[in-house]
Amino acid sequence: MACEITGIGMYVPPRILTNHDLEKFLDTSDEWITTRTGIKERRIAEEWEKASDLGYEASKEAIEKAGISPKDIDVVIVATSTPDMIFPSTACFLSDKLKCNKPMAFDISAACSGFIYGLTLAKTFIASGQANNVLVVGTEVFSKIVDWNDRTTAVLFGDGAGAVVISRTNTDKGILSAVMRSDGSHWGSLYCPVGEKIKMRGRETFKLAIKNMAEASVKALEEANLTLDDIKLVIPHQANIRIINALAEKLNIPEEKVFANIHRYGNTSAATIPIAMYEALQEGRFGRGDNILLTAFGGGLTWGSVVIKV
Ligand code: UT7
């Protein structure tokens, strides 16, 4: 049984924190942040705003665009490293806010790779006949776990959410291949202990990100029986523009085939890919019938690539 993305939504909080704002309280500069990361600004949630609140706005739009009711959703999967609580899951809070009809609801903890892990699960639920419509959401409020005194991480992250509805279809569309991986032996490269703030060894993470996303992308293309020539757009996780450019160079992908919006939002972890998909679609960078390649990398370590026929 094939599946199709029938709706997509995104939400970012209106409050903007620019590099110049950061200069006021951190020993950093717009010049350093721009040249080392490509980030110019990021969004910051309000004190009261939780991952489920951002996820709610993005999901409402995705469900509306899919032309279904929240009651038609059978499974709610939320990818987040900044859940509302340790439990209940953010997916339970979200399904309640959306007024879904008692769906299966759970969170995925796979850091920045969480959204594409979720897509893969959505496909499995549909293929097994267990679900007709699955809501997959990446939603993060990293501003709440960033150490605002640590310039090496504070400048990198932002808040935001993206959501898709994946539905059963009779067409040839859908998730053509998915390669998901992890390696817990490198957990110390990027982590956040319970109740503490993010810690990262930047350079190590940088190198592993490029290597692993490139390998997973080659494998995902092989499994889909496609080459990069068949791909309209590559949408990578937005952690650093230098990682995105190095990945493109390693895979020999021309610039116009790679999407980046990191300058606007920074790294929103599990939300970068659905937000980038949303904006790329709006900008006409891909459309119905096109093949796209998504690739992500994050704490765990976790990584993976997915090929989708839209
Ligand atoms: O989403 C999950 C995956 N996350 C990632 O993939 C992140 C991967 N890592 C990176 O993106 C980069 O490693 C960083 C952006 C985090 C850092 O860039 P870098 O080019 O690797 O810089 P670095 O850590 O080697 O630091 C270079 C210098 C250091 O100073 P010294 O030792 O050369 O004097 C840092 O102290 O830059 C300094 N530095 C800063 N200076 C101004 C580090 N952060 C800042 C800052 N402003 N914010």
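Which helices each supply at least two residues of the shell around the ligand?

## Helices around the ligand

This is a predicted model. Four helices answer the question: α2 (30–37), α6 (151–154), α7 (202–223) and α8 (241–251). Each gives the shell at least two residues. The largest share comes from α7, with 4 residues.

Two domains take part. Domain 1 (2–169) supplies at least three residues of the shell, and domain 2 (174–309) also supplies at least three.

## Make-up of the shell

The ligand has 23 residues around it. By class, 10 are nonpolar, 8 are polar and 5 are charged. Those that come nearest are Thr28, Arg203, His237, Asn240 and Asn267.

## Polar contacts

Thr28 faces a nitrogen atom of the ligand. An N or O atom in the Thr28 side chain lies 2.7 Å from that nitrogen.

Arg203 and Trp32 pair with oxygen. For Arg203, the distance from a side-chain N or O atom to a ligand oxygen is 2.5 Å. For Trp32, a side-chain N or O atom is 3.2 Å from an oxygen atom of the ligand.

## Burial and pocket

How much of the ligand does the protein bury? Taken alone, the ligand exposes 950 Å². The protein buries 75% of that area.

The ligand takes up the space of a pocket. By size, that pocket ranks as the second largest.

Conventions
Residues are numbered from 1 along each chain as its sequence is written. This is a predicted model: local features need pLDDT of at least 70, side-chain atom pairs count only at pLDDT 80 or more; totals for chains, interfaces and linings use all residues. Side-chain values use heavy atoms; hydrogens and water are left out. A residue is near a molecule or strand if one of its heavy atoms lies within 4 Å of it. A polar contact is a pair of N or O atoms within 3.5 Å; within protein, one must be able to donate a hydrogen and the other to accept it, and residues adjacent in sequence count only if both atoms are side-chain atoms. Accessible areas come from the Shrake-Rupley method with a 1.4 Å probe; for residues, only the protein chains shown count as cover. On a 1 Å grid over the protein atoms alone, a cavity is a set of points where a 1.4 Å probe fits but cannot get out, and a pocket is an open set with protein on both sides within 12 Å along at least five of seven lines; lining residues have an atom within 4 Å of a point. A molecule sits in a cavity or pocket if more than half of its atoms lie within 2 Å of its grid points. Ala, Val, Leu, Ile, Met, Phe, Trp, Tyr, Cys and Pro count as nonpolar, Asp, Glu, Lys and Arg as charged, and the others, Gly among them, as polar. Domain bounds come from an automatic or database domain assignment.
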